[in-house]
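Trainee: I'd like to go through the labels on this one and hear what each of them rests on. Can we take them one at a time?

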Amino acid sequence: MRKVFTHAAQIITVDTKNTGLKRGLDMNNIGVLQGYDVIVENGIIADFVPSGSPLLNVDEIVDAKDKIILPGLIDCHTHTVFAGSRASEFAEKLKGISYEEIARRGGGIASTMKATKNASKEDLLKTARERVRYFISQGITSLEIKSGYGSDFETELKILEVINQLKAEFPIDIVPTFLGAHVVPEQFKNDRDKFMALLTGEMLPFVAQNKLAEFCDVFCESTAFTSAETEKIFTTASQFGLKLKLHTEQFNNIGGFEAGLHHHAVSLDHLEMLTPSQQMKLSESDAVCVLLPGVSFFLDYNYAPARNLIDSNAVVALSTDFNPGSSHIPNITFIMQLAARKMHMSIEEIISAVTINAAQAIGKSSLTGSLEVGKQADFAIFNTNHYEDIIYTMGKNLLDITVKKGDIIYKTNGV
């Protein structure tokens, strides 16, 4: 099947010259093509040719006149599968009631775990499907989804099964991540060693052997898992062939950052409390710094030092961290706009952060994240004639068409 996407106002390639990522100030080099068409063969980018060139043996022409073609957007850190709502807790926080007080009443993450445990697999699937459809409507063509709201092994497996069912149903790439080490469940509060034994001795082996996840993630924080526990979990996960991610340096510095670098984690996520000396250690590391400005906005908290990281030559990505408690924000365009206004990132840096670097954060940069010959034809086509409008137009999604492997999977006015 040979297709051509023609007459685009601009094609933003984010060309990496086969490096698979953009680091530091190179994030500003996004490869703007004007007056070109994209040739797609069997779902793969075959060529870029000047508009008006003779087109032979073309099965389909997609007119992108006066539109922008970007690489498909990638949301590389989400908690999309959960049940229940914490809207009432949000209202309480606005009245000044602390998170600790809400947690003492059985709220916070414990309430999400309870609701998710009580929800059927079918109910979780129904809700998650709507969320995935919404992501696609924004131009997202690859999506990471974590477990982590299971208070027991059975519920964690149920969440992973739902994620894998979504992966089977939807045309986008969905990457499952096992976050069994999110918080210590209430029943193990007085026996952490028992939970660690369950996690490393039973849960991780089962998840890996049954191919339920590609990544293992840990929340290393004073209220969650220590750096020593993180090291143990990472060692086990690596032995079973799982790639590594890490929630770290969000509220405290307790050694998670160092553990993540030591174990070659693919991504280090949050980093709001990163120190200058830690920032410098990322200047030569390929670990992707996944920054989550939606959390900072939602919690009215520190923003990660994006400007310093980029100026230090780090690899920076952005994501929604969509979840029920600290970032109930499924809108990646809003995240991009927050990064511009609150994290002092340029528009070009933001585009690199939600495309190629986000792809690197989920281990997919050889397939997607940039428009290069030989890669998947994953596009987000926006209804504007200049890419700056995507972020300048605050509060509005300009997405017109989502394309996955050359196929149109969403149109604003209906497929």
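Mentor: Sure. Let's start with α6 and α7, which are roughly parallel to each other. Keep in mind that this is a predicted model.

Trainee: What makes α6 and α7 roughly parallel?

Mentor: Set the angle against the cut-off. The axes of α6 and helix α7 (residues 227-239) cross at roughly 15 degrees, and angles under 35 degrees count as roughly parallel. The pair therefore earns the label. As for distance, the two axes come within 10 Å, and the crossing is right-handed.

Trainee: Which residues of α6 and α7 meet there?

Mentor: From α6 you have Arg192, Met196, Leu199, Thr200 and Leu204, and from α7 Glu229, Lys232, Ile233, Thr236 and Ala237. By class, that contact has 5 nonpolar, 2 polar and 3 charged residues.

Trainee: And what is the relation between α5 and α6 called, going by their angle?

Mentor: Helix α5 (residues 153-169) packs against α6 at an angle of about 25 degrees, with the axes 12 Å apart. The cut-off for roughly parallel is under 35 degrees, so α5 counts as roughly parallel to α6. Their crossing is right-handed. The residues in touch are Phe153, Glu156, Leu157 and Leu160 on the α5 side, and Leu198, Glu202, Met203, Phe206 and Val207 on the α6 side.

Trainee: How do the residues of the contact of α5 with α6 divide by class?

Mentor: There are 7 nonpolar, no polar and 2 charged. Glu counts as charged, and the contact includes Glu156 from α5 and Glu202 from α6.

Trainee: Now the sheet. Which strands stand at the edges, and what makes them edge strands?

Mentor: The sheet is open, with 8 strands in the order β8-β9-β10-β11-β12-β13-β14-β15 and parallel pairing. β8 (73-75) and β15 (315-318) are the edges, because each has a single partner strand and one side of each is left without a neighbour in the sheet. From one strand to the next, the twist averages 25 degrees.

Trainee: How do you know that β13 and β14 pair?

Mentor: Count the bridges. Strand β13 (residues 267-270) and strand β14 (residues 288-291) share 3 bridges in the parallel sense, and pairing takes at least two. One bridge you can look up joins Leu268 to Cys289 in β14.

Mentor: Some helices lie on that sheet too. Helix α6 (residues 192-209) packs on it, touching β10 (173-181) and β11 (215-219), and its direction makes about 155 degrees with that of β10. Helix α12 (residues 332-342) also packs on the sheet, where it touches β8, β9 (140-146) and β15, and makes about 90 degrees with β8.

Trainee: What makes α12 "mostly covered"?

Mentor: 8 of its 11 residues are buried. They are Ile332, Thr333, Ile335, Met336, Gln337, Leu338, Ala339 and Ala340. The cover includes β8, β9, α10 (293-299), β15, α13 (347-353) and α15 (389-392).

Trainee: Is Lys3 buried or exposed, and how do you know?

Mentor: Its relative accessible area is 7%, and buried means under 20%. Lys3 is therefore buried. The residue sits in strand β1 (residues 2-6). Leaving aside neighbours within four places in sequence, Lys3 is in contact with Val38, Ile39, Val40, Val58, Glu60, Gly406 and Asp407.

Trainee: And Ser151, buried or exposed?

Mentor: Same test: Ser151 has 15%, and the limit is under 20%. So Ser151 is buried, although the residue is found in the loop between β9 and α5. Beyond four places in sequence, Ser151 touches Met113, Lys117, Pro185 and Gln187.

Trainee: Last one. What makes the phi of Asn18 worth a remark?

Mentor: Most residues other than glycine have a negative phi. Asn18 has a positive phi of about 70 degrees although it is not a glycine. Asn18 is in the loop between β2 (10-12) and β3 (32-33). With a relative accessible area of 76%, set against over 50% for exposed, Asn18 counts as exposed.

Trainee: What about Asn42, buried or exposed?

Mentor: Asn42 is at 62%, so exposed by the over 50% cut-off. Asn42 lies in the loop between β4 (36-41) and β5 (44-50), with a positive phi of about 50 degrees.

Methods: Residues numbered from 1 in each chain as written. Predicted model: local features only at pLDDT ≥ 70, side-chain atom pairs only at ≥ 80, totals over all residues. Heavy atoms only, no water. Helix = DSSP H or I, 4+ residues; strand = E, 2+ residues; numbered from the N terminus. Axes fitted to C-alpha atoms, helices over the stretch in contact; angles between N-to-C directions. Contact = heavy atoms within 4.5 Å. Parallel < 35°, antiparallel > 145°, perpendicular 65-115°, else oblique. Left-handed = near helix turned anticlockwise from the far one by under 90°. Buried < 20%, exposed > 50% of the residue type's maximum accessible area, 1.4 Å probe, protein only.
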